[in-house]
Amino acid sequence: MKALELVLRNARVATAADVFEADIGIAGGRIVQIGQQLPAGVREFDVAGRVVTPGGVDAHCHLDQPMTPPVRMADDFDTGTRAAACGGTTTVIPFAAQEKGQSLRAAVQDYHQRAEGKAHVDYAFHLIVSDPTPKVLNEELPALIREGYTSFKIYMTYDDLKLGDGQILDVLAVARRHGAMAMIHAENADCIEWLSKRLEAAGRTAPRFHAHSRPMLVEREATHRAIALAELVDVPILIVHVSGREAVEQIRWARAHGLSVFAETCPQYLFLTAEDLGIDDSYHGAKCVCSPPPRDKSNQEVIWAGLNDGLFTVFSSDHAPFKYDAPEGKKPGGEEVAFRHIPNGIPGIETRLPLLYSEGVLGGRMTLNKFVELTATNPAKAYGLHPRKGTIAVGSDADLVVWEEREFVLSNSHLHHAGDYTPYAGQRLRAWPALTLCGGEVVWDGAFHARAGRGRFLACATPSLLPQRQLSN
Ligand code: URP
Ligand code: ZN
Ligand code: ZN
């Protein structure tokens, strides 16, 4: 028996299935024993009375993703994974994005260079496929899937990324044949363009009109179409960042018809509304410009219901950080621009878990098991990282969070990202990680313990949520 390097004593261990009292013994970066009265470790923490959950798996975040100058993401792998660790997230899956005309392999190589030696927590990559040429479809994508890049995102909006329906069918066929998880950003690009032009012509250019240009209808239509395309190919899909009722109804319809449609939602659809984009023409609303936009209070309730009844598989941050008061951020080139030119996305990698733990678990809206399932176990299963990640079990990585219940009002000064704001400022929180362990190392205990390069790249297996039949034909 290996000597225990670290023991968490008297933990209230929470997994997606159980909550029980136990000691957790750690050696070689892994959990090696779970039981009562474990032998002494070289180092010990008595966490009596504290809940211990698996480290969070943030399966949708954008770090140092190449942008068109002067716009630049606020967080790279250093600051982004620092913030993740301080908020209890120990695995991140950002996106290696293919530019049109670029080889997918080159995009992956470039992204490895951006991550190399910088990450404080473990990381895998999703791919973004924006140019599905025959070479990408027949050679690059199948090879990359075999090498551990087993998920990719495709877009139905954004001029530089969007695919047409025929291209989507082609890419979904590759997912089916080679066993990959296809993530879909579902918003109808032509409707958005048409609405945006009309708003602009009417002088309605303030940030709040971003929400007017992307009503739920455009998300509903694209979600419906994505489901139909996946049905045609007979492949599971995962609809990302679902914002409200109309997309939820489409996904429920698909499930009722026996289709394998997974869904993701994010904090902005629980804690923000369209009013956060502004009730007047003030530019401050730019801080909350993201797509799809936040909806209203009644839609927040639809999202809470979907989190609890199994409609949603994963809860991710969609951290896409841009500084507010900066020429490389929400004011491109130093200007207050029309809504359609405001970089899309908001920061949230550090606040994802504390927000859901505070309002969901401690607010009585969600069980602790559900919290673990949505924030760690299911993301690990959806993207081929389970059981190494996403659970507390013998043999799993010792990625753990010890929770402390304390009330405070959130402000950006609490956070460790490189951004100059949080859209959740003013939110009353009831809990924050007291301790985050990554591979058995303390990365956060009220202070951040930096070791850039500690985080390792993870090659992903075939997602266990995908049916095995997919692999045989
Ligand atoms: O507005 C958002 N969500 N920005 C990030 C990119 C994306 O589509 O997820
Ligand atoms: Zn998206
Ligand atoms: Zn995103």
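Q: On a 1 Å grid over the protein atoms alone, a cavity is a set of points where a 1.4 Å probe fits but cannot get out, with lining residues having an atom within 4 Å of a point; a volume is the space filled by probe spheres set on the points, which are joined across faces, edges and corners. How many cavities of 30 Å³ or more does the structure hold?
A: This is a predicted model, in which local features need pLDDT of at least 70, side-chain atom pairs count only at pLDDT 80 or more, and totals for chains, interfaces and linings use all residues, while side-chain values use heavy atoms, without hydrogens and water. Residues are numbered from 1 along each chain as its sequence is written, and chains are lettered from A and ligands numbered from 1 in the order written. The largest cavity encloses about 50 Å³ of space, and the number of cavities of 30 Å³ or more is 3.

Q: Which residues line the largest cavity?
A: The space in this cavity is about 50 Å³. Its lining is made up of Pro54, Gly55, Val57, Thr90, Thr91, Arg388, Lys389, Gly390, Thr391, Asp397 and Asp399.

Q: Which protein residues are the donors of the zinc ion (ligand 2)?
A: Donors are N, O and S atoms within 2.8 Å of the metal (3.2 Å for Na, K and Ca), and sites may look incomplete because water is not among the atoms. Along the chain, the donors of the zinc ion (ligand 2) follow the spacing K-x31-H-x55-H. Lying 2.1 Å from this ion, they are Lys153 (NZ), His185 (ND1) and His241 (NE2).

Q: What separation lies between the zinc ion (ligand 2) and the zinc ion (ligand 3)?
A: Among the protein donors of the zinc ion (ligand 2) are Lys153 and His185. The distance from the zinc ion (ligand 2) to the zinc ion (ligand 3) is 4.0 Å.

Q: Is lysine 153 buried or exposed?
A: Buried means under 20% relative accessible area, exposed over 50%, and partly exposed in between (1.4 Å probe, protein chains only). Histidine 185 has 1% relative accessibility. With a relative accessible area of 2%, lysine 153 is buried.

Q: Which residues does leucine 307 contact, leaving aside its neighbours within four places in sequence?
A: Contact means heavy atoms within 4.5 Å. Phenylalanine 315, which has 0% relative accessibility and counts as buried, also touches Leu270, Leu356 and Leu374, among others. For leucine 307, the contacts are Thr265, Leu270, Phe312, Phe315, Leu356, Met366, Lys370 and Leu374.

Key
On a 1 Å grid over the protein atoms alone, a cavity is a set of points where a 1.4 Å probe fits but cannot get out, and a pocket is an open set with protein on both sides within 12 Å along at least five of seven lines; lining residues have an atom within 4 Å of a point.
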